[in-house]
Amino acid sequence: MSKLTYEIVETIAVLSENPKGWQKELNLVSWNGRAPVYDLRDWAPDHEKMGKGTTLTKEELVALKQALQLIE
């Protein structure tokens with residue numbers, strides 16, 4: 001299995017932090033040298049470890065934004 005590489009290109013928002021310092025973040029991330037995608041997941045304080053998350057294209061992020069605006 002090849003090694004996973006990533007670069008956090010931009011931190012967009014920190015949504016929460018747990019008592020151990022891990023933060024749920026929305027970032028723009030380049031995975032394995034590919035074009036950056038929007039990424040939502042938990043990160044350790046040093047960004048060396050991460051939890052499971054999801055990636056979104058810009059189009060998917062815009063659709064999610066529109067859906068969230070419907071929530072009261």
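**Aromatic cluster, salt bridges and a surface patch**

Trp31 is buried, with a relative accessible area of 10%. In this predicted model, the ring of Trp31 takes part in one of the 2 aromatic pairs that a search of the whole structure finds. The partner of Trp31 in this pair is Tyr6, and the two ring centres lie 5.7 Å apart with the planes at 50 degrees, so that the arrangement is classed as tilted. The pair joins distant parts of the chain, since Tyr6 belongs to strand β1 (residues 6–17) and Trp31 to strand β2 (residues 23–31), with their positions 25 residues apart in sequence. In contrast to the buried Trp31, Tyr6 has a relative accessibility of 27% and therefore counts as partly exposed.

Tyr6 also pairs with Trp43, the ring centres being 5.3 Å apart and the planes again at 50 degrees, so this pair is likewise tilted. Here, too, distant parts of the chain are linked, with Tyr6 in strand β1 and Trp43 in strand β3, 37 residues apart. Trp43 has a relative accessibility of 0% and is therefore counted as buried. Taken together, Tyr6, Trp31 and Trp43 make up one aromatic cluster.

Charged side chains were examined next. Across the whole structure, 2 salt bridges are found. In one of them, Asp42 is paired with Lys24, and the closest N and O atoms are separated by 3.2 Å. Because Asp42 is located in strand β3 and Lys24 in strand β2, this salt bridge ties together parts of the chain that are 18 residues apart in sequence. Both partners fall in the partly exposed class, Asp42 because its relative accessibility is 29% and Lys24 because its relative accessibility is 32%.

In the other salt bridge, the side chains of Arg41 and Asp39 meet at an N to O distance of 2.8 Å. The side chains of Asp39 and Arg41 are also recorded as making a polar contact at 2.8 Å. Asp39 is placed in strand β3, which spans residues 37–43. With a relative accessibility of 0%, Asp39 counts as buried, and Arg41, at 11%, is likewise counted as buried, because the limit for this class is under 20% relative accessible area. When residues up to four places away in sequence are set aside, Asp39 touches Glu25, Leu26, Asn27, Val29, Trp31, Thr54 and Thr55. The contacts of Asp39 thus include Trp31, a member of the aromatic cluster described above.

A further feature is found on the surface, where Leu64, Leu68 and Ile71 form a nonpolar patch whose members together have about 290 Å² of accessible area. Leu64 is part of helix α1, which covers residues 58–68, and Leu68 lies in helix α1 as well. The relative accessibility of Leu64 is 38%, so that this residue is assigned to the partly exposed class, and Leu68, with a relative accessible area of 47%, is also partly exposed. Computed along the chain, Leu68 and Trp22 are 46 residues apart, whereas the C-alpha to C-alpha distance between them in space is 24 Å.

Terms used:
Residues are numbered from 1 along each chain as its sequence is written. This is a predicted model: local features need pLDDT of at least 70, side-chain atom pairs count only at pLDDT 80 or more; totals for chains, interfaces and linings use all residues. Side-chain values use heavy atoms; hydrogens and water are left out. Patches are made of residues with over 30% relative accessible area and no salt bridge: like charges are joined within 9 Å, nonpolar side chains (Val, Leu, Ile, Met, Phe, Trp, Tyr) within 5 Å. Accessible areas come from the Shrake-Rupley method with a 1.4 Å probe; for residues, only the protein chains shown count as cover. A salt bridge is a side-chain nitrogen of Lys or Arg within 4 Å of a carboxyl oxygen of Asp or Glu. Helices (H or I, at least four residues) and strands (E, at least two) are DSSP runs, numbered from the N terminus. Buried means under 20% relative accessible area, exposed over 50%, partly exposed in between (1.4 Å probe, protein chains only). A polar contact is a pair of N or O atoms within 3.5 Å; within protein, one must be able to donate a hydrogen and the other to accept it, and residues adjacent in sequence count only if both atoms are side-chain atoms. Contact means heavy atoms within 4.5 Å. Rings of Phe, Tyr and Trp (its six-membered ring) pair if their centres lie within 6.5 Å; planes under 30 degrees apart count as stacked, over 60 as edge-to-face and the rest as tilted.
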